[in-house]
Amino acid sequence: MNYFSSNFTLGILGGGQLGKMMLYETRKWDIRTHVLDPSPEAPCRIAADQFEQGDLMDFETVYNFGKKVDILTFEIEGVNIEALEKLETEGIKVYPSAATLRNIQDKGIQKQFYKDHQIPTSPFKVYQDKNELNEAIVRKELRFPFVWKSCTGGYDGKGVSLIKTAEAVIPLAEGACIAEKLIPFKNELAVIVARNPSGEVKTYPVVEMEFHPEANQVEYVICPARIDAVVANKARAVAARVSEAFKHVGLLAVEMFQTEDDEILVNEVAPRPHNSGHYSIEASYTNQFEQQIRAILNLPLGNTDSKVGGIMVNLVGAEGHTGPVIYKNIETILAMEGVTPHIYGKKETRPFRKMGHVTIVNKDLSIARKIAEEVKNTIKVITE
């Protein structure tokens with residue numbers, strides 16, 4: 001199939017920042033795109049060949065959208081799986097597949113998948129609702145502290161809580177959830193795996209993630225991770241095992257814990273480009289968004305090596321600010337060496353909302369980390 005400067009159409013479910021950055025690559029290669037998103041102000045709107053507003057969880061909307069494209073992908077997991085399954089039976093290629101998404105969309109199913117495939121993960125139990133969770137606490141089957149996760153709907157720090165007391169359960173959302181054993185760990189790591197329909201697989205270098213203590217969001221992503229090479233190789237091998245188990249096509253971001261005794265436990269995965277791979281736009285030979293396009297079109301996968309050390313800083317809305325966005329002091333960080341800001345195109349900011357990111361590249365990772373701290377302390381995402 002001729003993908004370039006032709007009538008071939010790539011459909012993308014979701015019009016957020018991940019889709020927008022994917023569209024940079026389709027513009028580079030002149031690949032026609034059609035995007036579906038519920039928001040009339042979605043970041044993708046400015047870059048897609050055709051933009052359609054609609055509900056990603058509505059069967060008919062997703063099904064009818066998918067019939068208009070040649071290959072369908074997504075940049076968010078919250079889409080109607082039944083529609084994807086029907087499209088697949090009618091010959092539309094969906095990457096990653098509906099089966100892959102079904103195993104990932106519900107965190108309870110995802111965790112059971114790891115257990116069934118002997119993939120190392122923290123001990124857990126699934127509860128159908130908060131009442132069942134409370135009963136387990138009363139019977140002392142579940143001991144504090146533990147990590148609570150909502151089975152569906154969690155993102156950017158939402159749907160995850162560290163539970164230390166029975167009172168902490170009260171504000172938790174209703175619905176199915178997971179209780180995970182709290183595992184002491186040294187580092188939170190991630191590996192992005194790329195896989196195409198022909199079965200070619202490549203992993204990116206291991207990155208280290210530093211989290212904001214209040215928002216439970218990634219604050220810094222550091223590549224390469226500051227860990228021993230033996231641990232890094234183990235993490236890449238585990239990520240490749242996860243990819244093989246899911247038999248996904250496209251990108252799979254595998255988030256992991258490095259335990260105190262240097263074991264690797266899989267936390268969760270995302271079947272799409274991921275925050276932990278944004279550094280690659282400036283730091284890698286093949287950035288994650290180009291790699292996603294290569295993978296789903298069954299093109300040869302690109303070189304995943306880094307050209308230079310890279311650190312990514314998330315730009316999130318400042319506390320106490322809700323309304324039209326202003327990027328205060330952006331001119332100051334633009335004057336810093338090796339600093340590149342990416343603005344996602346969201347017109348309204350609110351506390352901790354992801355509004356952009358900044359990449360810092362330097363041959364010396366310690367210098368890059370210092371500059372990243374300076375960037376974080378300089379630019380502010382505020383309103384007037």
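Contact here means heavy atoms within 4.5 Å, while helices (H or I, at least four residues) and strands (E, at least two) are DSSP runs, numbered from the N terminus. The model is a predicted one, in which local features need pLDDT of at least 70 and side-chain atom pairs count only at pLDDT 80 or more, whereas totals for chains, interfaces and linings use all residues. Residues are numbered from 1 along each chain as its sequence is written, and side-chain values use heavy atoms, with hydrogens and water left out.

**View 1. Helix 2 lies across strand 1, strand 2, strand 3 and strand 4.** Helix 2 covers residues 59-66, and strand 2 covers 32-37. The helix runs at about 175 degrees to strand 2. For angles such as this one, axes are lines fitted to C-alpha atoms, for helices over the stretch in contact, and the values run from 0 to 180 degrees between N-to-C directions. Helix 3 (residues 81-89) also packs on the sheet, where it touches strand 1, strand 4 and strand 5. The direction of helix 3 makes about 160 degrees with that of strand 4.

**View 2. Five strands make an open sheet with parallel pairing.** Two strands pair if DSSP finds at least two bridges between them. Reading across the sheet, the order is 3-2-1-4-5. Strand 3 (50-53) and strand 5 (93-94) are at the edges with a single partner strand each, so one side of each has no neighbour in the sheet. Strand 4 (residues 71-74) pairs with strand 5 in the parallel sense over two bridges. Look for Ile71, whose bridge partner in strand 5 is Lys93.

**View 3. Helix 3 has four residues to look for on its buried side: Ile81, Ala83, Leu84 and Leu87.** Buried means under 20% relative accessible area, exposed means over 50%, and partly exposed is in between (1.4 Å probe, protein chains only). Seen down the helix axis, the buried residues of helix 3 fall within an arc of 160 degrees, so they line one face of the helix. That arc is taken from the directions from the helix axis to the C-beta atoms. These buried residues pack against strand 1, helix 2, strand 4, strand 5 and helix 4 (98-105). At the N-terminal end, Asn80 caps helix 3, with a side-chain oxygen 3.1 Å from the backbone nitrogen of Glu82. Just after the helix, Gly91 takes a positive phi of about 95 degrees.

**View 4. The largest nonpolar core brings together 24 residues.** A nonpolar core is a set of buried Ala, Val, Leu, Ile, Met, Phe, Trp, Tyr and Cys residues joined through side-chain atoms within 4.5 Å. Phe8, Leu10, Leu23, Val35, Ile71 and Leu297 have the most contacts inside this core. Strand 1 (9-13), helix 1 (17-29) and helix 9 (288-296) are the elements that give two or more residues to it. Helix 1 provides the largest share, four residues. Ile71 is a good residue to centre on: leaving aside residues up to four places away in sequence, Ile71 touches Tyr3, Phe8, Thr9, Leu10, Gly11, Lys93, Tyr95, Ile296 and Leu297. A second, separate core has 23 residues, including Val231, Ala232, Ala235 and Leu252.

**View 5. Four strands form an open sheet with antiparallel pairing.** The strand order is 6-9-7-8. Strand 6 (124-127) and strand 8 (160-163) are the edge strands, and each pairs on one side only. From one strand to the next, the twist averages 25 degrees. Strand 7 (residues 146-150) and strand 9 (residues 177-181) run antiparallel and are joined by five bridges. Within strand 9, Lys181 stands opposite Phe146. Helix 6 (residues 130-138) lies across strand 6, strand 7 and strand 9, and runs at about 130 degrees to strand 6.

**View 6. Two cis peptide bonds and two positive phi values sit in loops.** The bond from Tyr95 to Pro96 is cis, with omega near -10 degrees, and Pro96 is in the loop between strand 5 and helix 4. The bond from Cys223 to Pro224 is also cis, with omega near 5 degrees, and Pro224 lies in the loop between strand 13 (218-223) and helix 7 (229-246). Asn298, a residue other than glycine, has a positive phi near 60 degrees. Asn298 belongs to the loop between helix 9 and strand 16 (309-316) and is partly exposed, at 35% relative accessible area. Asn329 has a positive phi near 70 degrees.

Notes:
A polar contact is a pair of N or O atoms within 3.5 Å; within protein, one must be able to donate a hydrogen and the other to accept it, and residues adjacent in sequence count only if both atoms are side-chain atoms.
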